[in-house]
Amino acid sequence: MGCFFSKKSKRKGAQKEATPTAGDGGPSAAAEEEEEGSKQYSWDKREKVDPKDYMLTGIKDATVGRLPGKLNGQQFVIQDCENCNIYVFDHSAAVTVDDCINCRIMLGPVKGSVFFRDCKDIKCVVACQQFRTRDCKKMDVFLCCATQPIIESSTGMKFGCYQYFYPELAYHFKDAGLSIFNNNWSNIHDFTPVSGETNWSLLPEEAKVLDYVQLPDSDSEFKSIRISTELGRSIVPLTHGGRRKHSDESCLFVFFAGDYTTANARKLIDEATAKGFVLIQTKEVSMRPEDVNRVFQNNADALTELITKGPVVALELNGEGVVEACHSIAEDIFSGTKVKMACCLNCTYIM
């Protein structure tokens, strides 16, 4: 390729000395090559990328990160940082965190994987498609993960449910292709278990993000971002996960795809949890006709057509009297609206 461009350059230089004569009946060869050389290609128009904009390396005792709009779905690297507060308020393709010690890290939604390697004493808030650690020690993670999180050769790992809000976060979840309802934060797979030892556990139910990952300093570049770690404002619903259930009675709601599916699901969660019931887990999945037949049986015929409109959102709520209470809540808050409800086995309510 280098020879091609060098020859072309020489030809241009030679043709500048030979001025084309009139009466040739068309443009000269020099003009044609000049025109060819001025063509614009898509790669010529790309904005130049500085790799330094997509990494944090060798930083100590500082508050650093990226503001919304700075990554726009690119990959990001954090390495060799110590005693830092790191905030990434944007969505990205993938994130690797290597050789970091005593850092507090908040990562915006990640479309692919988040991989921590050789890190120690880390407290973080992470939303991603895949989460993995290798050779890490003592990490407290508030996690939203679409797939099963994996730890490898790691010890002292503790996990809690994601709790966070900033104004652009809902858009960043969408840009990263993540659902706020698909969260396997407590379903950890230990790739290298040791007999008689426990490498991971769950954070206490009362654990709050703010006790682990503080808000940015008031004099930092992130001071203008309106952040909240209150449970009621979290983008991701707070779920009980794999902890032991408080009751043997559970209720399953399924919201079929529609214009207000997410809003209706959040409304039901708020009403039910305000009455003391516990949200065990949530899912956003596509159902097949055979799934409808298996779950809803006698009511399947009336519901099969609804699954063609898109994925459903399912909520599992738990607590004494939850079935009757949730039926009452549904009738109260959705009264007069076009919400389809049916009942299947085990008193499951379908919205």
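Is Asp61 buried or exposed? In this predicted model, Asp61 is exposed, at a relative accessible area of 57%. The residue sits in the loop between strand S1 (55-57) and strand S2 (63-66). Its backbone also stands out. The phi of Asp61 is near 50 degrees, a positive value in a residue other than glycine. Most residues other than glycine have a negative phi.

Asn72 shows a positive phi as well, of about 50 degrees, and is not a glycine. Asn72 belongs to the loop between S2 and strand S3 (76-79). The relative accessible area of Asn72 is 52%, and because exposed means over 50%, Asn72 counts as exposed.

Acidic side chains were examined next. On the surface, a patch of negative charge brings together Asp80, Asp99, Asp118 and Asp135. Asp135 is placed in the loop between strand S8 (120-134) and strand S9 (137-145). With a relative accessible area of 36%, Asp135 is partly exposed. That value passes the patch criterion, because members of a patch need over 30% relative accessible area.

Aromatic contacts form another theme. The count of aromatic pairs comes to nine. One of them joins Tyr87 and Phe89. Their rings are stacked, at 6.0 Å centre to centre and with 0 degrees between the planes. Tyr87 is buried, with 1% relative accessibility. Phe89 is buried too, at a relative accessible area of 0%.

Tyr87 also pairs with Phe222. Here the geometry is tilted: the centres are 5.8 Å apart and the planes meet at 55 degrees. This pair links distant parts of the chain, as its two residues are 135 residues apart. Tyr87 lies in strand S4 (residues 85-88). Phe222 lies in the loop between strand S13 (200-202) and strand S14 (250-255). Despite this loop position, Phe222 is buried, at 1% relative accessibility. Ring pairs extend the group into a cluster of Tyr87, Phe89, Tyr166 and Phe222.

Cys100 offers another case of a loop residue under cover. Cys100 is found in the loop between strand S5 (95-98) and strand S6 (101-107). Its relative accessible area is 0%, so Cys100 counts as buried. Cys100 and Arg117 are separated by 17 residues in sequence. In space, their C-alpha atoms are 8.4 Å apart.

Loop residues thus vary in exposure: Asp61 is exposed, Asp135 is partly exposed, and Cys100 is buried.

Definitions and conventions: Residues numbered from 1 in each chain as written. Predicted model: local features only at pLDDT ≥ 70, side-chain atom pairs only at ≥ 80, totals over all residues. Heavy atoms only, no water. Patch = residues over 30% accessible without salt bridge, like charges linked within 9 Å, V, L, I, M, F, W, Y side chains within 5 Å. Areas by Shrake-Rupley, 256 points an atom, 1.4 Å probe, with all protein chains shown as cover. Salt bridge = Lys/Arg side-chain N within 4 Å of Asp/Glu carboxyl O. Lys, Arg positive; Asp, Glu negative; His and termini not counted. Charge placed at Lys NZ, Arg CZ, Asp CG, Glu CD. Helix = DSSP H or I, 4+ residues; strand = E, 2+ residues; numbered from the N terminus. Buried < 20%, exposed > 50% of the residue type's maximum accessible area, 1.4 Å probe, protein only. Phe/Tyr/Trp six-rings, centres within 6.5 Å; stacked < 30°, edge-to-face > 60°.
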